[in-house]
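Colleague: I am new to this one. Could you take me through it, question by question?

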Amino acid sequence: MTKRISRRTFLKAGLVTATATATASIPVRSAGAANAQWCTLLDLQKCIACGACVDACREVNAKKFPQPQGPMPDMLPRAKVKVADWSSAEKQAVDDRLTPYNWLFIQQAFGNYNGEEFEINIPRRCMHCRNAPCSNLCPFGAAYTRSDGIVRIHPDVCMGGAKCKAVCPWRIPERQSGVGLHLNLLPQYAGNGVMYKCDRCYDRIEAGELPACVEVCPEEVQEIGPRPEIVAKAHRLAKEIDGFIYGETENGGTNTIYVSPVPFDVLNQAIEKGPGSPHLNAVADSMAPANTMAIALAIAPVAGVAGALARFLSLGKGDDGEKGGANADE
């Protein structure tokens with residue numbers, strides 16, 4: 001379990017309140033950036049692994065977490081479709097990896113670089129890819145990219161088939177069984193649940209507020225703004241600290257940009273990787289190869305019908321609509 005000071009400790013000390021007051025709303029988009037995607041910059045040299053962001057994410061998004069009712073369906077075929085149940089109190093409390101109830105965690109890296117020891121703390125969540133394979137390849141149209149660059153999985157449309165996780169270079173989404181549309185259709189044969197991940201507090205952004213993780217950080221590790229501005233700031237920061245950038249080009253570019261004083265290939269060797277703990281490898285654009293696009297075309301009829309349902313549901317709930325995974329800020 002990640003060692004850290006709880007968010008409540010910060011609240012008692014008044015540090016988080018001071019930070020939230022100073023950054024109480026989404027920054028105004030600059031001239032010429034009206035159609036830009038929102039992007040976050042994370043300055044890893046500042047993160048102290050206090051866990052305020054993790055706790056705030058859980059508290060703010062708790063209303064979105066799955067609430068399975070009754071026993072889990074006995075899935076068929078059993079050898080292929082596994083039950084993924086994180087709903088017990090013990091499992092819901094897990095905060096050192098990604099789960100359906102924990103969309104952000106602090107990944108820690110310890111090692112030696114250029115003859116000096118380092119300790120780097122890395123807030124990990126969905127990368128919000130600009131040309132997201134989950135958005136392009138979800139056969140049910142449940143995963144989609146909003147015009148502001150947020151990649152969502154619509155819980156009312158998702159069947160839990162985990163295609164999004166299979167095509168994600170970081171395998172970010174996690175499944176909770178016993179919930180979702182499949183229970184009303186083919187409870188024993190469909191995808192078995194709903195996939196969950198960070199939605200970058202889309203509802204807070206719509207209200208002009210900052211994502212919870214950005215707002216509460218006492219060290220101001222994260223900053224959010226139009227992607228061209230964030231990328232430019234990342235390059236200035238990297239130059240200042242003789243550092244390194246991750247996310248600008250990975251998977252064709254993401255809306256999560258990390259800057260670190262230690263190379264990311266070194267960090268990747270130093271972090272614990274596995275289920276719910278993503279890597280930091282360099283990632284080629286997964287949507288570029290022709291064979292990947294062929295898959296997209298093959299599932300287009302299914303995704304088209306389900307996508308229409310997703311649009312209807314999302315618009316009815318006040319979402320700003322979705323688009324394909326193509327870039328929107330250039």
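Colleague: How many helices and strands are there in the chain?
Modeller: First, a caution: this is a predicted model, where local features need pLDDT of at least 70, side-chain atom pairs count only at pLDDT 80 or more, and totals for chains, interfaces and linings use all residues. Residues are numbered from 1 along each chain as its sequence is written, and side-chain values use heavy atoms, without hydrogens and water. Helices (H or I, at least four residues) and strands (E, at least two) are DSSP runs, numbered from the N terminus. The chain has 12 helices and 11 strands.

Colleague: What share of the residues counts as buried?
Modeller: Buried means under 20% relative accessible area, with a 1.4 Å probe and protein chains only. The chain has 330 residues, and the buried share is 53%.

Colleague: What is the strand order in the open sheet of four strands?
Modeller: Two strands pair if DSSP finds at least two bridges between them. Pairing in this open sheet is mixed. The order is β8-β1-β10-β9.

Colleague: Which are the edge strands?
Modeller: An edge strand here pairs on one side only. The two are β8 (222–226) and β9 (244–246).

Colleague: Which residue in β8 stands opposite Trp38?
Modeller: Strand β1 (residues 38–43) pairs with β8 in the antiparallel sense, over five bridges. Opposite Trp38 stands Pro226.

Colleague: Which helix packs on the sheet?
Modeller: The helix touches β1, β8, β9 and β10 (256–260), a contact being heavy atoms within 4.5 Å. The helix is α10 (residues 227–241).

Technical notes. Buried means under 20% relative accessible area, exposed over 50%, partly exposed in between (1.4 Å probe, protein chains only). Axes are lines fitted to C-alpha atoms, for helices over the stretch in contact, and angles run from 0 to 180 degrees between N-to-C directions.
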